[in-house]
Amino acid sequence: MHESWKPFLNSEFAQPYFKELAAFLTEAYETKTIFPPKQFVFSAFKTNLNDVKVVIIGQDPYHTPGIAHGLSFSVQPGAKIPPSILNIFKEIESDLGREVNRNPYLQRWANQGVLLLNKVLTVEAHLAGSHWGKGWETFTENVIRHIDAADKPIVYMLWGRHAREIKPLIKSKNALVLEAAHPSPLSAHNGFFGCKHFSKANEYLRANNLTEVNW
């Protein structure tokens with residue numbers, strides 16, 4: 001993780017809720033197959049906190065082998081592109097009017113200050129949603145509060161019900177909150193396609209003298 005996150009993370013790790021979560025995870029990783037691999041759980045926090053200008057909230061990690069690596073929506077290098085990311089790329093291309101890099105390993109976004117954060121950071125193999133209610137939601141809500149407290153221009157992309165639940169936590173008048181349906185094939189046609197979040201984000205960043213994201 002980047003040094004800029006350590007004071008916040010160390011404070012969270014000392015909280016009773018996180019100690020309970022850590023105990024649960026220790027047993028889970030010892031007795032079951034959990035994704036992402038332990039060393040990737042906090043990959044999102046390699047992005048410098050001071051550079052964060054876009055936050056994209058996911059749900060929980062991919063639950064099939066060889067895909068999750070700690071960044072929401074992103075997959076490990078060489079993994080097959082999931083339908084949700086394909087739909088994201090389709091919307092970017094439609095929105096910006098040009099072809100984009102469709103490599104589903106999204107570290108290039110993280111390197112530009114895009115925080116790719118799942119609400120729940122771990123999952124049991126082949127059991128989607130299996131680690132909801134274990135404490136991760138408290139952690140990620142506190143992450144959002146911490147980012148919001150800086151009161152800087154930041155774009156939040158909230159796709160789907162689980163992501164949109166964090167909206168009440170965002171108090172800063174400098175934040176741009178963009179909401180849409182989830183890019184899953186089940187819901188993308190209900191408001192994700194045509195949302196134009198990527199051009200809106202870049203327009204907002206430009207207006208606040210920040211570098212656009214190269215999507």
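This report describes a predicted model, going through its sheet, a helix, a few backbone features and the nonpolar core.

## The sheet

Four strands form an open sheet with parallel pairing, in the order E3-E2-E5-E6. Its edges are strand E3, residues 114-118, and strand E6, residues 175-180, each of which pairs on one side only. From one strand to the next the twist averages 20°. Helix H7, residues 197-207, packs on this sheet and touches E2, E5 and E6. The direction of H7 makes about 165° with that of E5.

Strand E2, residues 54-58, pairs with E3 in the parallel sense over 5 bridges. E2 is also joined to E5, again in parallel, by 4 bridges. Val54 has a bridge partner in each of these neighbours: Val114 in E3 and Val155 in E5. Between E5 and E6 the pairing is parallel and runs over 6 bridges. In that pair, Leu158 stands opposite Glu179 of E6.

## Burial of strands E5 and E3

Strand E5 covers residues 154-159. Of its 6 residues, 6 are buried, so E5 is largely enclosed by the rest of the structure. Ile154, Tyr156 and Leu158 point one way from the strand, while Val155, Met157 and Trp159 point the other way, and all are buried.

The edge strand E3 gives a similar account of itself in burial terms: 5 of its 5 residues are buried, so E3 is largely enclosed by the rest of the structure. Both of its faces are covered. Val114, Leu116 and Asn118 are buried on one side, and Leu115 and Leu117 are buried on the other.

## Helix H2

Helix H2 spans residues 16-31, 16 residues in total. From its first C-alpha to its last it reaches 23 Å, close to the 22 Å expected at 1.5 Å a residue. Its buried residues are Tyr17, Phe18, Leu21, Leu25, Ala28 and Tyr29. They cover an arc of only 90° around the axis, which puts them on the same side of H2.

The buried residues of H2 pack against helix H1 (6-13), strand E1 (34-35) and helix H5 (136-149). The face turned away from the buried side carries exposed residues, namely Pro16, Lys19, Glu20, Glu27, Glu30 and Thr31.

## Strand E1 and the cis peptide

Ile34 lies in strand E1. It is buried, with a relative accessible area of 6%, which is under the 20% cut-off for that class. Leaving out residues up to four places away in sequence, Ile34 touches Ala28, Tyr29, Thr122, Val123, Glu124 and His131. Ala28 and Tyr29 are among the buried residues of H2. Ile34 and Gln107 are 73 residues apart in sequence, and their C-alpha atoms are 22 Å apart in space.

A cis peptide bond joins Phe35 to Pro36, with omega at about -5°. Pro36 is in the loop between E1 and E2.

## Residues with positive phi

Two residues that are not glycine have positive phi: Asp151, at about 55°, and Asn209, at about 60°. Asp151 is found in the loop between H5 and E5, and it is partly exposed, with a relative accessible area of 40%. Asn209 lies in the segment after H7. Asn209 is exposed, with a relative accessible area of 74%.

## The nonpolar core

The largest nonpolar core has 67 residues. Those with the most contacts inside it are Trp5, Ile56, Trp109, Phe139, Tyr156 and Trp215. Tyr156 is one of the buried residues of E5.

Which residues are in contact with Trp215, leaving aside its neighbours within four places in sequence? They are Val54, Ile56, Ile92, Leu96, Val100, Trp109, Val114, Met157, Phe198, Ala201 and Asn202. Several of these have already appeared above: Val54 and Val114 are bridge partners between E2 and E3, and Met157 is a buried residue of E5.

Note on methods. Residues numbered from 1 in each chain as written. Predicted model: local features only at pLDDT ≥ 70, side-chain atom pairs only at ≥ 80, totals over all residues. Heavy atoms only, no water. Helix = DSSP H or I, 4+ residues; strand = E, 2+ residues; numbered from the N terminus. Expected span 1.5 Å × (residues − 1). Buried < 20%, exposed > 50% of the residue type's maximum accessible area, 1.4 Å probe, protein only. Arc of directions from axis to C-beta. Contact = heavy atoms within 4.5 Å. Pairing = 2+ DSSP bridges. Axes fitted to C-alpha atoms, helices over the stretch in contact; angles between N-to-C directions. Core = buried A, V, L, I, M, F, W, Y, C linked by side-chain atoms within 4.5 Å.
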